[in-house]
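Biologist: I'd like to go through this model with you and ask how you justify each label. Can we start right away?

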Amino acid sequence: MIFASDNWAGAHKSIAERLLAESTGFAAAYGNSDLDKRVEARFSEIFEREVSVFFVATGTAANSLALASVQRPGGITFCHSEAHVIEDECGAPEFFSGSARLMAVDGEAGKIDPTKLSAKIAHFPEDALRHGRATAVTITQSTEIGTVYSLPEIGEISTIAKKRGLPLHMDGARFANALVALKATPAEMTWKRGVDMLSFGGTKNGCWCAEAIVFFNPEQAKEMHFIRKRAAQHFSKSRFISAQFDAYFENGLWLDLARHSNGMADGLRAGIGASNSARLAWPTASNEVFAVIQKSAAKTAESKGAKFYEWPIPAGMPDLVSEGETLVRLVTSFATTEADVDGFLKCLAA
């Protein structure tokens, strides 16, 4: 009953086997092997256009370097107030972009409010020397609280950004989970809605260590080779990241894994919704579930081996939790089983 994070899960068998198969022999280094080139071409096929792809080690590196590639002196990137880039990356986006600022924008359900975004951007006209200048917008898909931007919502954020000539970045640490939740194609959820750059995550969805920065206009990626190298993210044996993505994409495995983890989350949502000792804190659509449960039930689950995190109460929901209750986050993964879900739900009923 491991619901602490999808980062706790191991690697899918097919991906581990592909890594093992690639471990013998020799191949050109630094992204120049035949496998590297084949996987880069596969990204273009998946997104239905020519893209530029840069492998990195972590989602933090992907977010930070993507945003660094579009920064200017005095630059400001707009993000949701609970976004991973502003809350959980230890200042890496600011560091790698040369101290560019992150500007928080509020919004319900973990999503940037378009009206508030427009107002925030308007505070920084291009000639406002003392205040700095707007340089980018970033959204998380799926969001930090398990919700998902709809395609029209992404398009609306993009329209606002494009009015000021700002590139739109998407933090896709759980990209596949959002994609299958929307039943959309990768193209429909990104560049067809105005996304310029994507942090494409594979690690949370069955890979060992596979993250990528995707540029939908290769012309915008000219500086990334140097930015990535300077950040010590240029792998010599990059074929081992390519090997993971090669297996990840084969026969739609990446989408099957996301459907599974979302399905396990659906089971949790249904069971918690029917429970007398727990309730859903808010609706979610991906593989993250947030629930208000009795503290006694939480202790029972933990005593039986369940792992999950107590979660801070959102600023806009001060009355969410009553005495004797706690807010928890439950994250499913490709490795979650129905027995895990059933076992946790039985703890709530105990």
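Biologist: What comes right after α8, and what is its phi?

Modeller: Lys183 follows α8, and its phi is positive, near 55°. By the way, this is a predicted model, where local features need pLDDT of at least 70, side-chain atom pairs count only at pLDDT 80 or more, and totals for chains, interfaces and linings use all residues. Residues are numbered from 1 along each chain as its sequence is written, and side-chain values use heavy atoms, with hydrogens and water left out.

Biologist: What makes α8 a helix in your book?

Modeller: The label goes to DSSP runs of H or I with at least four residues, while a strand is a run of E with at least two; both are numbered from the N terminus. Helix α8 covers residues 175-182, 8 residues in total.

Biologist: Why do you call α8 largely enclosed?

Modeller: Buried means under 20% relative accessible area, exposed means over 50%, and partly exposed is in between (1.4 Å probe, protein chains only). In α8, 6 of the 8 residues are buried, so the rest of the structure largely encloses this helix. The buried ones are Phe175, Ala176, Asn177, Ala178, Leu179 and Val180.

Biologist: What do the buried residues of α8 pack against?

Modeller: Their partners are α2 (34-47), β5 (168-172), β6 (197-201), α10 and α11. Contact here means heavy atoms within 4.5 Å.

Biologist: How do you know that Cys90 is exposed?

Modeller: Its relative accessibility is 83%, which is over 50%, so Cys90 counts as exposed. Cys90 sits in the loop between α4 (84-87) and α5 (92-96). Its phi is positive too, about 55°, although Cys90 is not a glycine.

Biologist: And why does Asn251 count as exposed?

Modeller: At 72% relative accessibility, Asn251 is also over the 50% mark, so the label holds. You'll find Asn251 in the loop between α10 (239-249) and α11 (253-273), with a positive phi near 55°.

Biologist: Which residues does the cis peptide bond join?

Modeller: Gln141 and Ser142, with omega at about -5°. Ser142 belongs to the loop between β4 (133-140) and α7 (151-163).

Biologist: Now the sheet. What makes β8 and β10 edge strands?

Modeller: Two strands pair if DSSP finds at least two bridges between them. The open sheet has 4 strands in the order β8-β9-β11-β10, with antiparallel pairing. β8 (278-280) and β10 (309-310) each pair on one side only, and that makes them the edge strands.

Biologist: How do you know that β10 pairs with β11?

Modeller: There are 2 bridges between the antiparallel strands β10 and β11 (residues 325-331), and at least two is what the definition asks for, so they pair. Tyr309 faces Arg329 of β11, and Glu310 has Val328 as its bridge partner. β9 and β11 are joined by 7 bridges, also antiparallel, with Ala291 partnered by Val328.

Biologist: Why is β11 called mostly covered?

Modeller: 7 of its 7 residues are buried. Glu325, Leu327, Arg329 and Val331 are on one side, and Thr326, Val328 and Leu330 are on the other.

Biologist: Which helices lie across β9 and β11, and at what angles to β9?

Modeller: α11 lies across β8, β9 (288-294) and β11 at about 25° to β9, and α12 (residues 295-303) crosses β9 and β11 at about 115° to β9. Axes are lines fitted to C-alpha atoms, for helices over the stretch in contact, and angles between N-to-C directions run from 0 to 180 degrees.
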